[in-house]
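Reader: I have a model open and want to learn how to read it. Can we go through it feature by feature?

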Amino acid sequence: MGEDYRRMWTDLGLDLGAHDALVGALGKAYQDIYLAQKDRPLGMGYFDFVMSEVHGLRIRELLDEKKAGRRIIGSYCVFVPEEIVLAANATLVGLCSGADFAMEEVERYLPRNTCALIKSSFGFKLGKVCPYFESADMIVVENTCDGKKKAYETLNDLVSNLYVMDLPQVKSENGRELLKTEYNRFRKAVEELTGVAVTAESLKQAIRTVNAKRAAIHRLSSLRKADPAPISGLDALLANQVFFYDNPARFTVSVEKICDELEGRIKEEKGAFLAGTPRILVSGCPQAVPNWKLPFIVETSGAVIVGEESCVGERGTRNLTDESGETVEQMMDAIIDRYFQVDCAIFTPNPDRLEHIREMAAEYRADGVIHYGLQFCQPYLMEAIPVEKALEGQDIPCMRVETDYSMEDVGQLKTRIEAFIEQLR
Ligand code: BJ8
């Protein structure tokens, strides 16, 4: 099987030496962070397996789908509607952007002071290490923050299959119109790519499939309201990360299964940490695989993470699409309504996000909030200040963290986070 995978990666044009280094580092981090946890739910075995095969079996499956005539679409943002992709007989996968790679090469194209997520997406492409990127027939990028917008102009010179989706920045009538225009344009582009027209039947089925996986992961999130929390924040984050890679139907079944197990743990008052452990809500920038730095520090410093107000978390999954439409137009409208609720910090103003953080802090019984901002991410770093103020009004302590993907600040962050947790006790 090892040789078979190597042939597959070579055929995709990956740099095998660099890829080996990446997979080795990923495996080591996984071992040290995930497998070192004690008494994990048995259902996590599935996610461990997915992670061990994230560049292997899953890529093989995608290539098999391609052989059978399906198209693969890669994306970096939760604004790319999976419902439309599935309805036109294609598969959507999240693209890697959670680790530093080929940074010297990246800084030939992007300023040093660019957020780690954007640099990472370039690093995986330039270092030729991302089999998802290389398997994709179309790469969808979006006009969200300024960094992404400008970086994609450069990426467009490097790859031939980029599709740029324009997105609104204001939640107004005009903003909704823009989203509608863009989603209809995207539908046509995907139909052209696959040669399959979206029908009322296929769109309904796709909405059901995506709703089911969102509902399943939302169920898992809700179970974390219990004290003791039945699952660690690290493990819950992993399930949220796998959400972007896995086959949707299989993912749904696996999440429902672990939820059944967690319900049993709650009944037995069995937790990942002891009852009364300080509870943290993390809010802010997305944490893509293998960016596990913050939860690792928090959960080895005496607290448990009980929720993520993030696109790899509740912001990306909490809303479902109305399934009652009968025509393609009605269902497209329902999809637009659903995505228009995503409260990314690129929107101005963005009061819904503050409300949602307050709501989550209360529901998940968080003792404190850690606002996670990537360095040079202006939308989230700017919004961290109103978030802190809004929480002050509710007497919920908030700590602002500004970091990147390197491990250089782990010691300093740990000291600050330990002091914050001490204050919550
Ligand atoms: S909907 S959060 S996935 S854009 S961290 S690249 S904002 S400078 S990722 Fe996002 Fe879509 Fe919004 Fe969600 Fe820019 Fe900030 Fe970097 Fe960011």
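Author: Start with one run of residues. In helix 12, the buried residues are Gly233, Leu234, Asp235, Ala236, Leu237, Leu238, Ala239, Asn240, Gln241 and Val242. Keep in mind that this is a predicted model.

Reader: How many of the residues of helix 12 are buried, and what follows from that?

Author: Buried means under 20% relative accessible area. In helix 12, 10 of the 10 residues are buried, so the rest of the structure largely encloses this helix.

Reader: Which elements do the buried residues of helix 12 pack against?

Author: Two partners carry low numbers: helix 2 and helix 3 (44–52). Helix 11, helix 13 (248–267) and helix 14 also pack against these buried residues. So that strands are not forgotten, add strand 6 (304–309) to the partners.

Reader: What about helix 7: how many of its residues are buried?

Author: 11 of the 11 residues are buried, so helix 7 is largely enclosed by the rest of the structure. Charged side chains do not escape the count. Lys119 and Lys125 are among the buried residues of helix 7.

Reader: Which elements pack against the buried residues of helix 7?

Author: Four helices do: helix 2 (16–33), helix 6, helix 8 (131–135) and helix 9 (146–158). Strand 7 (368–374) packs there too.

Reader: Take one residue of helix 7. Is Ser120 buried or exposed?

Author: Ser120 is buried, with a relative accessible area of 0%. Its place is in helix 7, residues 116–126.

Reader: Which residues does Ser120 contact?

Author: Set aside neighbours within four places in sequence. Ser120 then contacts Ser97, Gly98, Ala99, Met103 and Tyr405. Follow Met103 from there. Met103 lies in helix 6. Beyond residues up to four places away in sequence, Met103 touches Lys119 and Ser120.

Reader: How do I set sequence distance beside spatial distance?

Author: Take two pairs. Met103 and Val54 are 49 residues apart in sequence, and their C-alpha atoms are 23 Å apart. Phe133 and Cys96 are 37 residues apart in sequence, with 7.9 Å from C-alpha to C-alpha.

Reader: Where is Phe133, and what does Phe133 contact?

Author: Phe133 is in helix 8. At 4% relative accessibility, Phe133 counts as buried. Apart from neighbours within four places in sequence, Phe133 is in contact with Tyr76, Leu95, Lys125, Ile139 and Val159.

Reader: Now the backbone. Which residues other than glycine have a positive phi?

Author: Asn89 is one of them, with phi of about 65 degrees. Asn89 lies in the loop between helix 5 (82–87) and strand 2 (90–94). At 27% relative accessibility, Asn89 is partly exposed. Ala102 is another, with phi near 50 degrees. Ala102 sits in the loop between strand 2 and helix 6 (103–106). Its relative accessible area is 29%, which makes Ala102 partly exposed. Also look past the end of helix 7. Lys128 follows that helix and has a positive phi, near 55 degrees.

Reader: Where are the cis peptide bonds?

Author: Check omega before each proline. The bond from Asp227 to Pro228 is cis, with omega near 5 degrees. Pro228 is in the loop between helix 11 (200–223) and helix 12 (233–242). A cis bond also joins Val289 and Pro290, where omega is about 0 degrees. Pro290 is in the loop between strand 5 (279–284) and helix 14 (293–299).

Reader: How is the chain divided into domains?

Author: The domain assignment gives domain 1 (3–196) and domain 2 (204–320 + 344–424). Note that domain 2 is listed as two segments. The C-alpha centres of the domains lie 22 Å apart. Across the boundary, 49 residues of domain 1 are in contact with 51 residues of domain 2.

Reader: Where does the ligand sit, and what surrounds the ligand?

Author: The ligand sits in the largest cavity. 17 residues surround the ligand, and the closest are Cys115, Cys145, Cys311, Cys344 and Cys377. Sort the shell by character: 14 residues are nonpolar, one is polar and two are charged.

Reader: Which domains supply that shell?

Author: Domain 1 and domain 2 each give at least three residues to the shell around the ligand.

Definitions and conventions: Residues numbered from 1 in each chain as written. Predicted model: local features only at pLDDT ≥ 70, side-chain atom pairs only at ≥ 80, totals over all residues. Heavy atoms only, no water. Helix = DSSP H or I, 4+ residues; strand = E, 2+ residues; numbered from the N terminus. Buried < 20%, exposed > 50% of the residue type's maximum accessible area, 1.4 Å probe, protein only. Near = heavy atom within 4 Å. 1 Å grid on protein atoms, 1.4 Å probe; cavity = no way out; pocket = protein on both sides within 12 Å on 5 of 7 lines; lining within 4 Å. Sits in = over half its atoms within 2 Å of the grid points. Nonpolar A, V, L, I, M, F, W, Y, C, P; charged D, E, K, R; others polar. Domains from an automatic or database assignment. Contact = heavy atoms within 4.5 Å.
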